[in-house]
Amino acid sequence: MEQLQRLQQAVPPLMGWYRIHKRILPWRGTNDAYRVWISEIMLQQTRVEAVKEYYIRFLDRFPNARALAEADQDEVLKYWEGLGYYSRARNLHAASKIIAQKGFPATWDGVRDLPGIGDYTAGAICSIAYDMPCPAVDGNVLRILTRLFADGSNIDEANTKTKFSELLRKVYPREAGDFCQALMELGATVCVPNGAPMCGNCPWESLCKAHSEGEEEDFPVRAPKRARKVQTLTVFVLEHEGKYAIRKRSEKGLLAGMWQFPVYEDMPEPSAYGAVCKEKRAKHIFTHVEWHMTGYLIQTQEFLSDFVWVTAEELRGEYALPSAFKAFMPWVK
């Protein structure tokens, strides 16, 4: 009851703060479900600044679900190139085929059933596009609420998210979309994830229990992170007569269906492919794994049949190459 009362008191100042301080973003000011959906998928685990240009460029090419559904998956992945978490793009493409046939769902269950959409994204879409009181509880929201309540519940546990979702559902104002975005905005710009929160700028400064006790940075509480698995890989940039060897990854697993240079876990002898011109080491960090790569630029004596051979222009313009390999792209000329 205490948490509900505190949250009820917190709604009006948050809404007033949001009206004045909200950022101008390309996806703000629209309740078009397709555009809201694209923005929410792009923003999953990706910084706002990184998404802005991708969002504009993606919608310029795929302005509606039919345009996206009719596109080739390789082209969709190319427009996603550099954003990471490429399963999001594949799920967008799959969902667009459903939406193109049936229209965009107008219920929480219908949105939740689309490929690649979980509870948070369904809540965000329904709130912003349809003004439904559907909580969208992610790390930002969990952080600001655990600080508001000085609540030590482990935010990695599902029942913590459920508890806060039910609390939010009881206090949604009529402007559900603005309320949803205000919660996100407060966590992104004031009650920030890294570093000290800017409590002097917060509409909840006088209501926040953690702030009154000087314990802001003690929340949220979460389980210790698991150490990332380290994979040692060898990357071959094979060149012959101005063309470069690439091949497609498996349709399952990390970077599924993406194009890449030849990559091996068990390092073959580089000279087996031809003359080694350059060598470079690089590292790329995914959520749960680190790639420690040694790359070789090699001139081969022939077009090896195991690979697809493309020009530098084709590689940059037509094939989606994960950013994990960007350290070796300067060799492609």
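Helix 9 (139–149), helix 10 (158–169), helix 11 (176–189) and helix 12 (209–212) are among the elements that cover the buried residues of helix 1. The model is a predicted one. Those buried residues are Leu4, Arg6, Leu7, Ala10, Val11, Leu14, Met15, Trp17 and Tyr18.

Consider helix 1 itself. It runs over residues 2–21. At 1.5 Å a residue, its 20 residues should span 28 Å, and the end C-alpha atoms are indeed 28 Å apart, so expectation and model agree. The helix also has a bend. At Val11, helix 1 turns by about 30°. A proline, Pro12, follows within four residues. Val11 is also on the list of buried residues.

Now take one of the covering elements, helix 10. Two packed helices are described by the angle between their axes and the distance between the axes. For helix 1 and helix 10, the angle is about 50° and the axes lie 10 Å apart. Helix 1 is therefore oblique to helix 10. Their crossing is right-handed. Helix 1 brings Gln3, Leu4 and Leu7 to the contact, while helix 10 brings Phe164, Leu167 and Leu168. Of the helix 1 residues, Leu4 and Leu7 are buried.

Elsewhere, look at Val111. It sits in helix 7 (residues 108–112). Is Val111 buried or exposed? Its relative accessible area is 0%, so Val111 is buried. Which residues does Val111 contact, leaving aside neighbours within four places in sequence? They are Phe104, Pro105, Ile117, Ala122, Ile125 and Cys126. Ala95 lies 16 residues from Val111 along the chain, and the two C-alpha atoms are separated by 9.9 Å.

Terms used
Residues are numbered from 1 along each chain as its sequence is written. This is a predicted model: local features need pLDDT of at least 70, side-chain atom pairs count only at pLDDT 80 or more; totals for chains, interfaces and linings use all residues. Side-chain values use heavy atoms; hydrogens and water are left out. Helices (H or I, at least four residues) and strands (E, at least two) are DSSP runs, numbered from the N terminus. The expected span of a helix is 1.5 Å times one less than its number of residues. The bend at a residue is the angle between axes fitted to the seven residues ending there and the seven starting there. Buried means under 20% relative accessible area, exposed over 50%, partly exposed in between (1.4 Å probe, protein chains only). Contact means heavy atoms within 4.5 Å. Axes are lines fitted to C-alpha atoms, for helices over the stretch in contact, and angles run from 0 to 180 degrees between N-to-C directions. Angles under 35 degrees count as roughly parallel, over 145 as roughly antiparallel, 65 to 115 as roughly perpendicular and the rest as oblique. A crossing is left-handed if the near helix is turned anticlockwise from the far one by less than a right angle, and right-handed if clockwise.
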